[in-house]
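Let's take a walk through this chain, from the whole down to a single side chain. Have a look at the structure first, then read on.

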Amino acid sequence: MIKRITFWALFTKRMVGFANTRNQTGRTSRHARQGAAKPLLGSMLLAAVMLASSSSQAALVTYDGFVYTPTGPLSLDGLPNDGTQASNGWANVTWGQFLGGAANYTVTNGSLADPTATLFTRSNSVFTTGGFAGRFFTPPPNWATPGIPMYFSILIQPANTPATNHYYGMQIFSNGGNTGSGHDLFVGKTGSGPNWGLEYSTNSIVGSTTNTVFVDAFSSTPATSNQTVLLVVRVDFNFGSPDVFSLYVNPTPGGAEPAVPSATITNDIGTQNGLALNSGNGGQAFFDEIRLGGTFASVTPTTSTADPNLFTYEPFAYLSFGTATLNGQPTNGTQGSNGWDGVTWGQFLGGASSYTIGHGSLADPSGMLVTSGNCVQTHGGFAGRFNVYTGLPVKTNANPTYYSVLIRPDNLGATNSIAYLQIFGQPNGNDLLAGKLTGSTFWGLQSGTNLGQAFSTVQAVSNQTAFLVVRANYNYVMGGPSTFLLYVNPTPGAPEPATPDATVSFNVNNQNGVAFNTQNGAAASFDEIRVGTNYADVTPAVAVVANPFVITSIQLLGGTNAVISFTTTSTNVYSVEANSDLVTGTWTTVSSGILGTGGIVQSTNAVPPGALKRFYRARHP
């Protein structure tokens with residue numbers, strides 16, 4: 001199976017289908033405005049992503065793609081729930097507290113990226129099919145003081161093809177008590193036009209009739225499906241006259257504040273101290289990286305360096321899982337399959353309850369590694385499992401033996417933090433550690449006997465997944481050291497690199513167990529453990545189809561939306577069609593006018609309520 005598919009999927013040469021057993025509806029609004037999967041055809045070319053296969057993969061000995069069922073998805077409502085409500089510049093409240101909840105927003109794996117991919121981000125993002133989620137922040141120094149500007153920034157990505165009446169954005173609360181109006185300011189895609197802009201509502205009284213009138217100021221940049229935008233708003237407060245809001249669309253992170261704003265509007269918000277994410281009228285979107293600061297630079301950083309002018313920050317660093325843990329998995333009697341030694345995760349090793357099953361898979365930096373199932377995530381802890389020897393029936397390992405894993409630091413922590421794959425060794429204590437080690441921020445190796453360390457030149461970065469491959473050259477001659485080579489982010493499907501990124505040597509008798517270990521303030525996600533007897537076993541690549549029009553991934557979001565990614569050419573316009581029955585059903589267009597970019601694009605489509613199975617296909621003229 002292909003990773004990133006967290007629901008049942010049927011792959012054939014011409015179609016992809018899924019079963020969905022859940023749908024969610026409903027929304028709440030504070031603002032006055034109330035109101036996935038597919039087969040591909042190329043020109044009707046149908047294609048499906050298939051697992052790469054070759055004769056060399058017959059030697060893959062052990063594998064776990066974490067095809068275990070997570071609970072959730074994790075709602076933003078009530079987060080953070082770990083006692084940090086008052087940190088990062090927020091008032092001592094959670095998302096949705098005193099504001100009707102935030103259950104329509106779910107935490108999703110991975111951050112958004114601005115168009116330049118230079119804005120510093122970390123951890124995850126949130127997704128909604130419509131609704132309201134608010135939170136109060138702590139008023140920063142000189143808040144609402146004339147002559148002292150304040151800046152907000154946010155990343156927003158439309159998840160479906162925008163319609164004029166769709167809206168999604170950040171709502172900055174106003175204080176009706178000291179403005180006399182109580183008109184919140186809306187920043188994003190308003191429901192009054194296709195472009196990114198600013199909006200507030202007011203009342204128009206004609207006779208005995210009161211109507212809501214929306215006042216807008218638009219940029220020249222249209223909202224586009226699956227294209228992330230960085231919005232920065234400068235607020236210049238005034239007394240006795242309306243406040244002035246200047247919008248910058250996709251400014252360059254790390255650069256100077258633009259001389260000319262993309263849009264400007266005046267509106268008096270007073271001294272209120274809260275904001276919300278707000279979407280509706282069919283608009284679906286991802287949100288990430290909310291910042292409030294005293295300078296333009298503080299809300300457009302390119303590094304993690306602390307900025308004293310950054311007052312409030314929300315990276316959505318919440319792990320996207322519910323309560324299902326890795327402890328005791330698998331629970332379906334398959335403990336001895338896929339190269340594991342008849343045991344579950346945590347069995348005989350103190351449990352694995354600190355690791356929770358996340359939604360969806362991680363992806364290596366190239367996006368080419370074959371993945372399946374889900375991933376596991378932790379705020380800290382240990383989770384181990386015994387695998388079979390690669391040299392069976394003799395209880396030794398083949399020479400060489402290869403190990404691979406995906407690791408994403410969700411919170412890198414301090415220099416002494418750890419997040420690594422631990423490969424058990426005998427005698428006890430002769431373990432090999434591969435990952436983020438204590439004392440360095442670079443990916444590396446550490447021997448268990450002499451604590452010798454060797455580091456690569458590739459730095460571990462929060463929210464960036466690393467693909468680590470270890471080659472073990474075992475030497476079972478008494479007293480002879482074994483040598484371990486580390487490759488960081490090699491290309492799946494390519495030959496083994498000629499030069500390793502790090503090397504350590506130490507004496508070890510045999511190894512037949514692995515564990516995840518995360519400590520000292522780090523949080524991390526792990527995925528795709530493979531053990532094999534040649535390099536190709538542990539670095540399988542997604543098959544590349546000669547025709548450039550192919551599916552690259554398929555995913556179900558929140559139980560309500562199918563997201564299909566496929567390759568495009570810049571000269572074509574694509575559409576996506578759906579069908580609930582391949583025998584008697586009719587293909588219906590669910591998304592059209594998708595402009596090719598020459599790269600991968602995504603189409604997000606709502607799953608009909610109650611649908612148990614549905615097929616999609618894409619086409620171009």
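**From surface to core**

Start with the outside: the chain exposes about 23200 Å², and carbon and sulfur atoms supply 52% of that area. Keep in mind that this is a predicted model. Of the chain's 621 residues, 55% count as buried. As for secondary structure, you'll find one helix and 37 strands.

Now go inside. In soluble globular proteins, nonpolar side chains tend to be buried together. Here, the largest nonpolar core has 46 residues. Which of them have the most contacts inside it? They are L76, W95, F152, I156, L231, L277 and F287. Pick L76 and look around: setting aside neighbours within four places in sequence, L76 is in contact with W95, A102, Y105, V126, A133, F316 and Y318. W95, then, is a contact of L76 and also sits on that list of best-connected core residues. There's a second core too, separate from this one, with 39 residues, including Y355, I407, A454 and F484.

Finally, zoom in on a polar residue, N430. You'll spot N430 in the loop that links strand 23 (418–423) to strand 24 (432–436). Is N430 buried or exposed? Its relative accessible area is 10%, so N430 counts as buried, the cut-off being under 20%. What does the side chain of N430 reach? It goes to the backbone oxygen of N507, at 2.6 Å. N430 also has G448 beside it in space: the two C-alpha atoms are 4.5 Å apart, while in sequence the residues are 18 apart.

Technical notes. Residues are numbered from 1 along each chain as its sequence is written. This is a predicted model: local features need pLDDT of at least 70, side-chain atom pairs count only at pLDDT 80 or more; totals for chains, interfaces and linings use all residues. Side-chain values use heavy atoms; hydrogens and water are left out. A nonpolar core is a set of buried Ala, Val, Leu, Ile, Met, Phe, Trp, Tyr and Cys residues joined through side-chain atoms within 4.5 Å. Buried means under 20% relative accessible area, exposed over 50%, partly exposed in between (1.4 Å probe, protein chains only). Contact means heavy atoms within 4.5 Å. Helices (H or I, at least four residues) and strands (E, at least two) are DSSP runs, numbered from the N terminus. Accessible areas come from the Shrake-Rupley method with a 1.4 Å probe; for residues, only the protein chains shown count as cover. A polar contact is a pair of N or O atoms within 3.5 Å; within protein, one must be able to donate a hydrogen and the other to accept it, and residues adjacent in sequence count only if both atoms are side-chain atoms.
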